[in-house]
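Me: I have a model open and would like to understand the words used to describe it. Could you walk me through them?

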Amino acid sequence: MLDYPFQDVPAAGETREIAEGVLWLRMPLPMALDHINLYLLQDEDGWWVIDTGIALGPTEELWEGVFRDVLGSRPVKAVLSTHHHPDHIGMAGWLCERWRAPFYMTEAEYLTGLAYSRTTREHYSWAMEENMRRAGYGDAQIASARENFEGFGSIVTPMPTAYRRLTEGGRLIIGGRRWQVMIGRGHSPEHACLYCAELNILLSGDQVIPRITSNVSVPGTEPEANPLRDWFHSLERFLEDLPADTLVLPAHNTPFRGLHERLRYLIEHHEDHLLALEEACEQQPRTAMDLLPVLFRRKLEGHNLDMALGECQAHLNFLCQRGQLLRGLDEEGRYTYHSVDSTLPLRRRERPHDAADDSPIQV
Ligand SMILES: [Zn+2]
């Protein structure tokens, strides 16, 4: 059982003290996941802001309230985003401009955020369509995706034009305490978490969340990616390096203790998904779209369908790259997956070493 020591959840734009100089701030999100947790760390001469909220709705107004009612006479002295997703970087540019504050991020997250936040409708490409077709989207779904495509420039303020790089093992001294940078991968390319041994607190961003599982997806820009392998490595590494009784401050849900239990659950959760997919591919070749109900019981539409399919592809790429599934291409241009023991005729299979396809499997 995870332990949630803070029953009193702050309303949007309000804070709760977690420890001396560590505040939990909530901001709203206009989606099913209706909030993000941000954290404020007090330094001698101002505040560090950890993650920023999305640039939509009342976020800016709520920030002005925080400056007035919470920070007192002290400025925002630094802004840090754990990773490049819009709810984390949305207000980073605005905050850094407003306070002329430096921006901290890892290199891969900064560059990815910079690119995605400048993406427009013109960047929609044949490669993205092909990825959807191979996953099993039909013509109507592809047309609708083309119609609805836009980068996330409309929900983030322009990214800060310069940054200070966070790297694995790097240390930040904030309020006289050391916060060590720990990099996690799989949910995003180079996600920064911060661990303070003195407080035994982990600022975990989206890398460890107690009640929802972080999306681990193959992005349309890298269809052969294997983010699930990176995700397993990160979970195992956090399990080895962090104490079991760490107080985890996540970007969604509420702060909790029970880090090891949660990490073990997540590892098992994905292992169960891998087994279920392998089994489902034993009898006949299946597409990623066919396999969605193996992983998700609820009905999926729109953005949720895209994320679910991306997650299904992540599991399938993992199994293919380990040689546990083989991938073929059917007449309609869809990838089909079947288990290596399948008795299907070999001509239907895309074999690891003589792949005729343009995206060879790396074994
Ligand atoms: Zn995220």
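**Domains, helices and their contacts**

Reply: Happily! The chain is divided into domain 1 (15-123 + 151-269) and domain 2 (282-342), with bounds that come from an automatic or database domain assignment. Residues are numbered from 1 along each chain as its sequence is written. This is a predicted model, where local features need pLDDT of at least 70, side-chain atom pairs count only at pLDDT 80 or more, and totals for chains, interfaces and linings use all residues.

Me: How many residues of domain 1 are in contact with domain 2?

Reply: 11 residues of domain 1 are in contact with 9 residues of domain 2; contact means that the C-beta atoms, placed from the backbone, lie within 7 Å. On the domain 1 side, these are 6 nonpolar, 3 polar and 2 charged residues. Here Ala, Val, Leu, Ile, Met, Phe, Trp, Tyr, Cys and Pro count as nonpolar, Asp, Glu, Lys and Arg as charged, and the others, Gly among them, as polar. The C-alpha centres of the two domains lie 30 Å apart.

Me: Why are helix 9 and helix 10 called roughly perpendicular?

Reply: They pack at an angle of about 95°, and 65 to 115 degrees counts as roughly perpendicular (under 35 is roughly parallel, over 145 roughly antiparallel, the rest oblique). Helix 9 and helix 10 therefore earn the label roughly perpendicular. Their axes are 9 Å apart; axes are lines fitted to C-alpha atoms, for helices over the stretch in contact, and angles run from 0 to 180 degrees between N-to-C directions. Helices (H or I, at least four residues) and strands (E, at least two) are DSSP runs, numbered from the N terminus. The residues of this contact divide into 9 nonpolar, 1 polar and 1 charged.

Me: And what makes helix 8 roughly perpendicular to helix 10?

Reply: The axes of helix 8 (residues 259-280) and helix 10 cross at roughly 75°, so helix 8 is roughly perpendicular to helix 10 as well. His273, Leu274, Leu277 and Glu278 in helix 8 meet His315, Leu316, Phe318 and Leu319 in helix 10.

Me: How do you know that the buried residues of helix 5 line one face?

Reply: In helix 5 (residues 126-135), Asn131, Met132, Arg134 and Ala135 are buried, which takes 20 or more other C-beta atoms within 10 Å of a residue's own (12 or fewer is exposed, in between partly exposed). Their directions from the helix axis to the C-beta atoms fall within an arc of 165°, so they line one face. These buried residues pack against helix 6 (139-148), helix 9 (288-295), helix 10 (302-321) and strand 15 (335-339).

Note on methods
Two residues are in contact if their C-beta atoms, placed from the backbone, lie within 7 Å.
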